[in-house]
Amino acid sequence: MSYDILIKNGRIIDGAGNPWYYADVAIKDGKIVKIRPQLDVIATKIIDANGLIVCPGFIDLHSHTDFILPFLSRVESFIRQGITTCVVGMCGDSLAPIPPERVDDAKKLLCTINPAFANLNISWNTFEEYLNKMEKVRCPLNLVFFVGYNNIRLAGGAAFENRLPTNKELESMKNYLAEAMEAGAFGMSTGLIYSPQVYAKTEELIELAKVVAKYRGLYFSHIRGEGKTLINAVKEFIEIIEKSGCIGGQIAHHKVSGKIYWGTSKESLRLIEEANSRGINISCDQYPYTRGMTSLSTILPPWVHEGGVDKILERLQNSKDRNRIKNETRNEGWENFIHENGFESIYISTVNTKKWKDIEGKNIAEITKIKGKIDGWETLFEILIDEKGGGTMTIESMCEEDIRRIMTNRYQMVGTDGIGVPANPSFGKFHPRFFGTYPRILGKYVREEKVLTLEEAIRKMTSFPAQRLGLRDRGLIREDLWADLVIFDPNTVIDIATYENPLQYPEGIPHVIVNGIIIVENNKQNRKYPGRVLRRPT
Ligand SMILES: [Zn+2]
């Protein structure tokens with residue numbers, strides 16, 4: 001018998017959390033077929049992993065890569081950090097369903113993320129049609145899809161109106177959600193600081209989560225607040241899981257945002273632990289950085305978003321509305337980045353217009369000085385108007401102590417909250433998490449600071465997320481499982497991407513294998529696309 005790949009002399013970390021051991025691994029037809037202390041067999045390709053760790057490919061529990069796949073599908077910054085499966089459709093944003101009568105509205109919203117959507121032919125409406133389309137996109141890694149609540153609310157009725165849906169609209173939303181679940185979505189996601197989802201009340205979300213529960217699906221959420229309102233937001237999240245009967249919930253990119261609230265993770269983690277002890281299955285994911293990143297328009301109070309993008313732009317040009325926005329940043333009832341962090345902590349990361357290209361990477365206080373504006377408000381309003389409501393920001397808002405407390409919690413796993421992109425400077429100053437999440441944990445937090453053991457960190461990147469998603473055939477090094485593997489050097493693995501210079505691939509991850517096909521060899525990505533669209537296991 002001959003094999004496709006033989007990995008020799010490596011130290012195996014199997015993903016289950018067990019200590020490492022020496023073994024050779026043989027791969028054939030996409031699967032791990034033999035693991036022995038020594039294998040002297042014939043193979044088309046032999047990889048010498050002497051001095052290196054061989055572990056399961058990383059499963060990114062939270063990514064927004066679906067928003068680049070219609071245009072670019074090599075997902076370089078993900079592949080190079082060892083991600084072999086990623087979860088998309090997060091924070092309530094997915095690319096389906098989009099019923100025919102909503103294509104224009106959806107496009108307008110999508111253009112605030114990426115203006116290229118203006119020219120994209122949206123040839124699908126239902127979730128099934130979308131997944132079928134995605135199966136034809138050549139992608140190097142496996143994809144797990146969630147349906148976004150924004151799409152459900154837009155498709156089903158209440159859309160950008162700040163009100164409860166009517167009974168008829170609620171029924172329609174449930175039908176769209178059920179269609180997505182039948183098509184193979186793993187669950188529903190929400191992002192409760194974003195419009196129009198921000199208008200959804202707890203009861204509305206419970207009603208929809210009941211549909212997810214019926215299919216034994218999962219509820220993933222960017223909860224309603226990560227600063228002042230963090231604890232209430234965690235409580236609301238737990239209530240949604242409990243009252244809907246959902247089998248599991250995931251708090252996205254768990255963090256404490258805003259200096260005056262640092263330390264609150266003690267209480268949020270206590271709530272998660274207490275819920276689990278009552279039989280409510282809740283976990284969280286995290287990226288290891290002190291800055292967050294989101295769309296720039298999220299800085300505006302929820303009422304500014306009512307009616308959609310055109311209305312936002314109208315209000316930004318009206319002095320009365322501008323004054324109301326300024327006044328409301330003194331209130332604390334909503335996710336208020338300016339109040340909690342200040343203009344000096346808010347950095348413009350990407351813009352779409354030439355006019356503002358030179359300020360990418362700078363904070364709003366600096367930009368105000370450089371451009372000779374009156375104050376941060378004038379700068380912010382002008383950027384938002386020129387960018388037609390688009391653009392993104394990073395916000396310096398977290399502390400190391402909370403990051404470590406969350407990282408070492410037993411319910412934590414890893415997610416980038418990023419997008420797989422090429423190292424192309426025309427894309428702007430993305431958050432470095434797009435390039436460095438996994439190697440940063442392995443290099444900084446495991447090797448240098450010993451916050452986690454190597455085996456524990458890898459478990460949180462592999463078998464734990466596989467268990468969360470119900471993927472029984474990935475996330476471990478075992479015979480008969482899919483050969484999604486990462487081979488890295490524990491002595492050198494590290495992230496290189498910084499806020500100032502984020503478009504840099506990590507070091508120390510020479511080989512990556514997806515479905516038994518080598519996609520990174522000697523630190524170079526090749527042009528192979530073995531990734532698959534995974535559908536919810538039934
Ligand atoms: Zn989010």
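A crossing of two helices is left-handed if the near helix is turned anticlockwise from the far one by less than a right angle, and right-handed if clockwise. The model treated here is predicted; local features need pLDDT of at least 70, side-chain atom pairs count only at pLDDT 80 or more, and totals for chains, interfaces and linings use all residues. Residues are numbered from 1 along each chain as its sequence is written.

**Exercise 1. Describe how α15 packs on α16.**

Step 1. Helices (H or I, at least four residues) and strands (E, at least two) are DSSP runs, numbered from the N terminus. Helix α15 covers residues 433–448 and helix α16 covers residues 454–461.

Step 2. Axes are lines fitted to C-alpha atoms, for helices over the stretch in contact, and angles run from 0 to 180 degrees between N-to-C directions. The axes of α15 and α16 lie 10 Å apart, at an angle of about 160°. That angle makes α15 roughly antiparallel to α16 (under 35 degrees counts as roughly parallel, over 145 as roughly antiparallel, 65 to 115 as roughly perpendicular and the rest as oblique).

Step 3. The crossing of α15 with α16 is right-handed.

Step 4. Y438, I441, L442 and V446 of α15 meet L454, A457 and M461 of α16; contact requires C-beta atoms, placed from the backbone, within 7 Å. The contact of α15 with α16 has seven nonpolar, no polar and no charged residues (Ala, Val, Leu, Ile, Met, Phe, Trp, Tyr, Cys and Pro count as nonpolar, Asp, Glu, Lys and Arg as charged, and the others, Gly among them, as polar).

**Exercise 2. Repeat the description for α7 and α8.**

Step 1. The axes of α7 (residues 230–244) and α8 (residues 265–277) come within 9 Å and cross at roughly 15°. The two helices α7 and α8 are therefore roughly parallel to each other.

Step 2. The crossing of α7 and α8 is right-handed. From α7 the contact draws on L230, I231, V234, K235 and I238, and from α8 on E267, S268, L271 and A275. By class, six nonpolar, one polar and two charged residues make up the contact of α7 with α8.

**Exercise 3. Give the strand order of the open sheet of six strands and find its edges.**

Step 1. The order is β9-β10-β11-β12-β13-β17, with parallel pairing; two strands pair if DSSP finds at least two bridges between them.

Step 2. β9 (147–148) and β17 (412–414) are the edge strands, each with a single partner, so one side of each has no neighbour in the sheet.

Step 3. Within the sheet, β10 (residues 187–191) pairs with β11 (residues 218–222) over five bridges in the parallel sense. T190 stands opposite S221 in β11.

**Exercise 4. Locate the cis peptide bonds before P97 and P196, and the positive phi values of H253 and D29.**

Step 1. Most residues other than glycine have a negative phi, and most peptide bonds are trans.

Step 2. The bond from A96 to P97 is cis, with omega near -5°; P97 sits in the loop between β7 (83–88) and α2 (103–113). The bond from S195 to P196 is also cis, with omega near 0°, and P196 belongs to the loop between β10 and α6 (202–214).

Step 3. H253 has a phi near 25° and lies in the loop between β12 (248–251) and α8. D29 has a positive phi near 50° in the hairpin of β2 and β3, which has two residues between the strands.

Definitions and conventions:
Contact = placed C-beta atoms within 7 Å.
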